[in-house]
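Hi,

Here is the structure I promised to pass on. Have a look first, and my notes follow underneath.

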Amino acid sequence: MEENNLQCSSVVDGNFEEVPREMAIQFKPPLYRQRYQFVKNLVDQHEPKKVADLGCGDTSLLRLLKVNPCIELLVGVDINEDKLRWRGDSLAPFLGDFLKPRDLNLTITLYHGSVVERDSRLLGFDLITCIELIEHLDSGDLARFPEVVFGYLSPSMIVISTPNSEFNPLFPSVTLRDSDHKFEWTRMEFQTWALYVANRYDYSVEFTGVGEPPAGAENVGYCTQIGIFRKNGGKATESCLSEQHDQHVYKARQGLTMLPRLVLNFHPQAILLPHLPKMLRLQVFTTSYPSLQQERFFKLVLVNEVSQQVESLRVSHLPRRKEQAGEQGDKPKDIGGSKAPVPCFGPVFTEVEKAKIENSPTPFCVGDKFFVPLQRLLAYPKLNRLCANEEMMRSVIADSIPLSSDGSAVVADLRNYFDEQFEF
């Protein structure tokens, strides 16, 4: 959760006009962005596949993390259903995500519910984040929080951030930074709680923070204190997870990917939900991203890359063919002036990659047809990353791109309308 009321904005981001500018502390970037960037850096470093954000609020952190290529499942949980419902659409794929699919599948799901309720759909996660969450819990919920998050969910890593109350005297007229905060801890109070929880549930913990204090006040520590908890021995074993019975308690409406909100609101399953037991209720919102693991998107990308590479080779071959014709007595036409230049741009290859390309079968012409061997195409790094071998490439592109009679090469017309216009 991030600070979102007027008082909090004045204290943390320095935007409250009633506070004299010389008295307010301004963080650059704003403190909430520093917290989210801290989590993103941690994800970049450890590359978790399954990440959940408890108290996800307006889903800002989820939107930042969804671009990480390592994440395959991203989950947000919050008690405010209205906020989740209206923010869900911002997590759906954009047009660019379909034009350039991810390498790995990604599913994003939002659940409406309390973070101190057990739900088996959050078992087996690599990372759970609780950003500015625990200070919003009353004493009863705070007591249950470790039992659920550390004891029941037991992810490989947990990140918890909370205000450092020792920093508060640096703000003008501040006791608590948010009217909904039930408490704010000193560094000693937070570390005492964190070490107790870590010891009880077999975690190690290290402390850091974001929001540097101003010069001369270094003794107060970071504005936001952070605990990074790591499960001793790594992830929970499959046998441990299988012992947990399915327990779905999060309230929900049905969310369907890329459908208008009107359709979502009147989906038949949503109408029936009030009559279903809790454990059968579904999520507020879910969406899946296109990826190269999905056959239709993999084929689309591969066909496009093959077509582009063949066209690049064809165009670069035309001037050489003109030169060869000139050597045989046919004077090549001038391609300067307003004529299209010979392409001189493209990917930059390493020496090893260049050698691999040069040692691969060379494209050739038969009459007015241009042939590019599949082995030549596989020598280019981008296509080699997509396809493991010639047979795989042939089977995917065969019904979309013309191939030679033996299937060993892509066939294209040597010249086309645009060549004639530019007198290649």
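A word on burial before anything else: I call a residue buried if its relative accessible area is under 20%, exposed if over 50%, and partly exposed in between, using a 1.4 Å probe and protein chains only. Please keep in mind that this is a predicted model, where local features need pLDDT of at least 70, side-chain atom pairs count only at pLDDT 80 or more, and totals for chains, interfaces and linings use all residues. Residues are numbered from 1 along each chain as its sequence is written, and side-chain values use heavy atoms, with hydrogens and water left out.

Let me start with H112. With a relative accessible area of 8%, H112 counts as buried. H112 belongs to strand β3, residues 106-112. (Strands are DSSP runs of E with at least two residues, helices are runs of H or I with at least four, and both are numbered from the N terminus.) A polar atom of the H112 side chain lies 2.9 Å from the backbone oxygen of I79. That falls under my polar contact rule: a pair of N or O atoms within 3.5 Å, where within protein one must be able to donate a hydrogen and the other to accept it, and residues adjacent in sequence count only if both atoms are side-chain atoms.

Now the strands around β3. Two strands pair if DSSP finds at least two bridges between them. β2 and β3 are parallel and share six bridges, with G76 opposite L110 in β3. Strand β1 (residues 50-54) also runs parallel to β2, joined by five bridges, and there V51 faces L74 in β2. Strand β2 (residues 73-78) is largely enclosed by the rest of the structure because five of its six residues are buried. Together, β1, helix α3 (residues 60-65) and β2 make a right-handed β-α-β unit; right-handed means that, with the strands pointing away from the viewer, the path from the first strand over the helix to the second runs clockwise.

What about the packing? I define a nonpolar core as a set of buried Ala, Val, Leu, Ile, Met, Phe, Trp, Tyr and Cys residues joined through side-chain atoms within 4.5 Å. The largest one has 36 residues, and L65, I71, L74 and L110 have the most contacts inside it. Several elements each supply at least two residues of this core, including α3, β3 and β4, while α2 gives the most, with six residues. There is also a second, separate core of 35 residues, with L54, L153, I158 and W193 among them.

On to charges. A salt bridge here is a side-chain nitrogen of Lys or Arg within 4 Å of a carboxyl oxygen of Asp or Glu, and by this rule the count comes to 15. One of them joins R35 and E132, with the closest N and O atoms 3.7 Å apart. This pair links distant parts of the chain, 97 residues apart: R35 sits in helix α2 (residues 31-46), and E132 in the loop between β4 (127-131) and α6 (139-153). R35 is buried at 1% relative accessibility, and E132 is buried too, at 2%.

The bridge between D141 and R144 is local, by contrast: both lie in helix α6, three residues apart, about one turn of the helix. Their N to O distance is 2.3 Å, which you may want to look at yourself. D141 is buried at 18% relative accessible area, whereas R144 is partly exposed at 38%.

R394 and E390 form another salt bridge, at 3.0 Å from N to O. They are four residues apart in helix α15 (residues 390-397), so about one helical turn separates them. Both R394 and E390 are buried, and E390, E391 and R394 are linked in a network of salt bridges.

Further along, there is an open antiparallel sheet of three strands in the order β9-β10-β11. Its edge strands, β9 (364-366) and β11 (409-413), each pair on one side only. Strand β10 (residues 369-373) pairs with β11 over five bridges, and the bridge partner of F370 in β11 is A412.

Last one: E305, in helix α11 (residues 295-327), is buried at 13% relative accessible area. The C-alpha atoms of E305 and L383 are 7.0 Å apart, although their positions lie 78 residues apart along the chain.

Cheers
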